[in-house]
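Got the model open in your viewer? Let's walk through it one selection at a time.

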Amino acid sequence: MKICIYGSGAIGGYLGVRLHQAGAEVSLVARGAHLAAMRENGVTLIVGEEKTTVHPRCTDNPAELGPQDYVIIGLKAHSVPGVVPAIQPLLGPDTAVVTAVNGIPYWYFYGTGGDFDGRILDSVDPGGAQWNGFGPQRAIGCVVYPATEVVAPGVIQHIYGDKFSLGEPDGSMSDRVVALSKMMEAGGLRAPVLDRIRDEIWLKLWGNLCFNPISALTHATLEVICGDPETRAVAKAMMLEAKRIGDRLGVHFRVDVERRINGAGAVGAHKTSMLQDLERGRPMEIDALLSVVQEMGRMVEVPTPTIDVVLALVRQRGEVAGLYTRPQPADAKELVPSVAAQ
């Protein structure tokens, strides 16, 4: 089984080590000092007191690798449209593209039927770059739960979690998704195949869409956000708006709002990924977590007043820091009337 992980940072590198250990023919696409270190010394994974080093093929040129059975995209969502041309040499007739990214994926409305079937979401796939460049038929959904960190070039520290939920957009137990699940499990990961992967996507997004921007604006940890009555109320209002959108789209939320917030608070003094990106001067992942929820709300005619306010603030926070570029003026003009009407 040939697997290329495009974007082999913390999560991608962790996956690469585990899949290499399982016997897959793994290649990692990365860049900079991290790539140089992996080429010279291999990829080192630290889990507790255990340290493992493997030596998969590492490159910054996907054209060297040829068609793969699976391409696992481990980039931040906002980076994916720009690398669609570079990924083309990895795609053969039957290559699957595994979207191990946060937020709503480009293929979300593939094969759903109804009014939105085939709809391209501008917030996450501007101009349909992924829809047209990969094709939605290649997609396998993947919801990432582990937390990992690149602690030095070529060295990845595992913090917690080992679950990667998988699912076909049509809910089928296809040969390709079952084979990938078995390979991941052979590497010591949990990789359940779900028949309703969109529900799982929303469950994770439900927390990310509120806790990430609130943390970026306040610099508070999850424990503080969930424990303070005022910020907890803001998060709850955003989640309830999102739930009304999900309900209109047929999403099933298997936990209620209070339980979801309590679960986040129980993580403790953890900084969200958006806050970490802000502090480290890395591009902020706003559109796939928040802008897209606003976009979907307008599609199904559900008002999102709290989401609108928090999105406006965190966009400006990211822009002032030089870590975010807001939508093009034509798109931005479309946002004004809806916000003003609330």
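## Start at Ile 197

Select Ile 197, which lies in helix α6; helices here are DSSP runs of H or I with at least four residues, strands are E runs of at least two, and both are numbered from the N terminus. Before you click on, note that this is a predicted model, where local features need pLDDT of at least 70, side-chain atom pairs count only at pLDDT 80 or more, and totals for chains, interfaces and linings use all residues. Residues are numbered from 1 along each chain as its sequence is written, and side-chain values use heavy atoms, with hydrogens and water left out.

Is Ile 197 buried or exposed? Ile 197 is buried, at a relative accessible area of 1% (buried means under 20%, exposed over 50%, partly exposed in between, with a 1.4 Å probe and protein chains only). Now show what surrounds Ile 197: leaving aside neighbours within four places in sequence, its contacts are Trp 107, Gly 141, Val 143, Ser 165, Leu 166, Gly 167 and Glu 168 (contact means heavy atoms within 4.5 Å). Leu 166 is 31 residues away in sequence, yet 6.9 Å away in space, C-alpha to C-alpha.

## Along α6 to α11

Next, select α6 (residues 197-218) together with α11 (residues 287-299): their axes come within 8 Å and cross at roughly 110°. Axes are lines fitted to C-alpha atoms, for helices over the stretch in contact, and angles run from 0 to 180 degrees between N-to-C directions. So α6 is roughly perpendicular to α11 (65 to 115 degrees; under 35 is roughly parallel, over 145 roughly antiparallel, the rest oblique).

Show the side chains at this contact: α6 brings Trp 202, Leu 205, Asn 208, Leu 209, Asn 212 and Pro 213, while α11 brings Ala 288, Leu 289, Leu 290, Val 293 and Met 296.

Keep Met 296 selected. Outside its neighbours within four places in sequence, Met 296 is in contact with Ile 104, Tyr 108, Phe 109, Leu 121, Trp 202, Ile 245 and Leu 249. Which members of the 71-residue largest nonpolar core touch the most other members? They are Trp 202, Leu 209 and Met 296. A nonpolar core is a set of buried Ala, Val, Leu, Ile, Met, Phe, Trp, Tyr and Cys residues joined through side-chain atoms within 4.5 Å. Helix α6 supplies the largest share of this core, 11 residues. For a second, separate core of 35 residues, pick out Leu 15, Leu 28, Ala 30 and Val 177, which are among its members.

## The seven-strand sheet

Switch to cartoon and look for the open sheet with the order β5-β2-β1-β6-β7-β8-β11, in mixed pairing (two strands pair if DSSP finds at least two bridges between them). At its edges sit β5 (57-59) and β11 (164-167), each pairing on one side only. The twist averages 25° from one strand to the next.

Zoom in on β1 (residues 2-6) and β2 (residues 25-29), parallel strands joined by five bridges. Cys 4 stands opposite Ser 27 in β2. Add α2 (residues 32-41), which lies across β2 and β5 and runs at about 150° to β5.

## The four-strand sheet

Last stop: another open sheet, ordered β4-β3-β10-β9, also with mixed pairing. Its edge strands are β4 (50-54) and β9 (147-152). Select β3 (residues 43-47) with β4 and you'll find antiparallel pairing over five bridges, where Leu 45 has Thr 52 as its bridge partner. Finally, add α1 (residues 10-22), which lies across β3, β4, β9 and β10 (155-160) at about 95° to β3.
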